[in-house]
Amino acid sequence: EPSWLHEDRKVLARLHRRTVGLLPSCGGAAVSRILFGVTRAYRAGLPANELFDAAQGPATDSISQYEPEELANTVWAFASAGRTAPALFEGAAQAATQRIGEFEPPWLARVGWAFAEVRHPARALFAAIADAALRRLRDFGGVDLSALAWAFAEANAQHVELATAIDEVLRAGIRGCDEAQVRAFGDWCDD
């Protein structure tokens, strides 16, 4: 656990309580940013369950109005914290599927990863992600391609055309991609 967590526990506790109290009045961008930041602190050992509990209702109620990056960051934060939130994920799946053309490659990967991580079934969403990813595959960095491939494998979302295209891109070489990522993707293709 980082030393700053020990040194600033009282300040962080006050900030945490204040944030929980304000969440219901926050808009999508604010909720998304708060959850994204809190998830990083949560991973470092700061308890965040109360905050996720407070954010779940407002996020679920307004997820259809979130910008694509906000939606991606919100479902990523919930999944990273191990929070399944079925109603939130269902609303996010519908909203993302309808607006998938507005999603940048990292957001596509993040959404796919989040849904696979919490094992929320979303066939239509994965089909839409695959179609959008195929149109912009060369815009993906290696980490995002790896996350996308993992998400499709983990969700058992078979998409032969996407798998073949990712395999070709990875084998040809892409920025930020290493040999281990190529091997991991090859394992998915072989399944």
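This dialogue covers a pocket, a cavity and some aromatic pairs in a predicted model.

Visitor: Where does one look for empty space in a structure?

Guide: Rolling a probe the size of a water molecule over the atoms shows where empty space is left. In this model the largest pocket holds about 260 Å³ of space.

Visitor: Which residues are closest to the centre of the largest pocket?

Guide: Arg123, Phe126, Ala155, Asn156 and Ala157. They belong to a lining of 16 residues.

Visitor: Which helices each supply at least two residues of that lining?

Guide: Helix H7 (105–117), helix H8 (123–135) and helix H9 (142–154). H8 gives the most, with 3 residues.

Visitor: How do the lining residues of the largest pocket divide?

Guide: There are 9 nonpolar, 4 polar and 3 charged residues.

Visitor: Now the cavities. How many are of 30 Å³ or more?

Guide: The count is 1. About 30 Å³ of space lies in the largest cavity.

Visitor: Which residues line the largest cavity?

Guide: Ser64, Tyr66, Glu67, Pro68, Leu71, Ala95, Ala96, Arg99 and Phe103. H5 and helix H6 (86–98) are the elements that give two or more residues to this lining. By type, the lining of the largest cavity has 6 nonpolar, 1 polar and 2 charged residues.

Visitor: On to the rings. What describes a pair of aromatic rings?

Guide: Two values do: the distance of the centres and the angle of the planes. The count here comes to 5 aromatic pairs. Take Phe36 and Trp76, with ring centres 4.9 Å apart and planes at 45°, so this pair is tilted.

Visitor: Where in the chain do Phe36 and Trp76 sit?

Guide: Phe36 is in helix H3 (residues 28–43), and Trp76 is in helix H5 (residues 68–80). They are 40 residues apart, so the pair links distant parts of the chain.

Visitor: Is Trp76 buried or exposed?

Guide: Trp76 counts as buried, at 11% relative accessibility. Its partner Phe36 is partly exposed, with a relative accessible area of 21%. The cut-off for buried is under 20% relative accessible area.

Visitor: What is the geometry of the pair formed by Phe126 and Phe152?

Guide: Edge-to-face. The centres are 5.1 Å apart, with 90° between the planes. Phe126 lies in helix H8 and Phe152 in helix H9, so the pair ties together parts that are 26 residues apart in sequence.

Visitor: Are Phe126 and Phe152 buried or exposed?

Guide: Both Phe126 and Phe152 are buried. Phe126 also appears among the residues closest to the centre of the largest pocket.

Methods: Residues are numbered from 1 along each chain as its sequence is written. This is a predicted model: local features need pLDDT of at least 70, side-chain atom pairs count only at pLDDT 80 or more; totals for chains, interfaces and linings use all residues. Side-chain values use heavy atoms; hydrogens and water are left out. On a 1 Å grid over the protein atoms alone, a cavity is a set of points where a 1.4 Å probe fits but cannot get out, and a pocket is an open set with protein on both sides within 12 Å along at least five of seven lines; lining residues have an atom within 4 Å of a point. Grid points are joined across faces, edges and corners, and a volume is the space filled by probe spheres set on the points. Helices (H or I, at least four residues) and strands (E, at least two) are DSSP runs, numbered from the N terminus. Ala, Val, Leu, Ile, Met, Phe, Trp, Tyr, Cys and Pro count as nonpolar, Asp, Glu, Lys and Arg as charged, and the others, Gly among them, as polar. Rings of Phe, Tyr and Trp (its six-membered ring) pair if their centres lie within 6.5 Å; planes under 30 degrees apart count as stacked, over 60 as edge-to-face and the rest as tilted. Buried means under 20% relative accessible area, exposed over 50%, partly exposed in between (1.4 Å probe, protein chains only).
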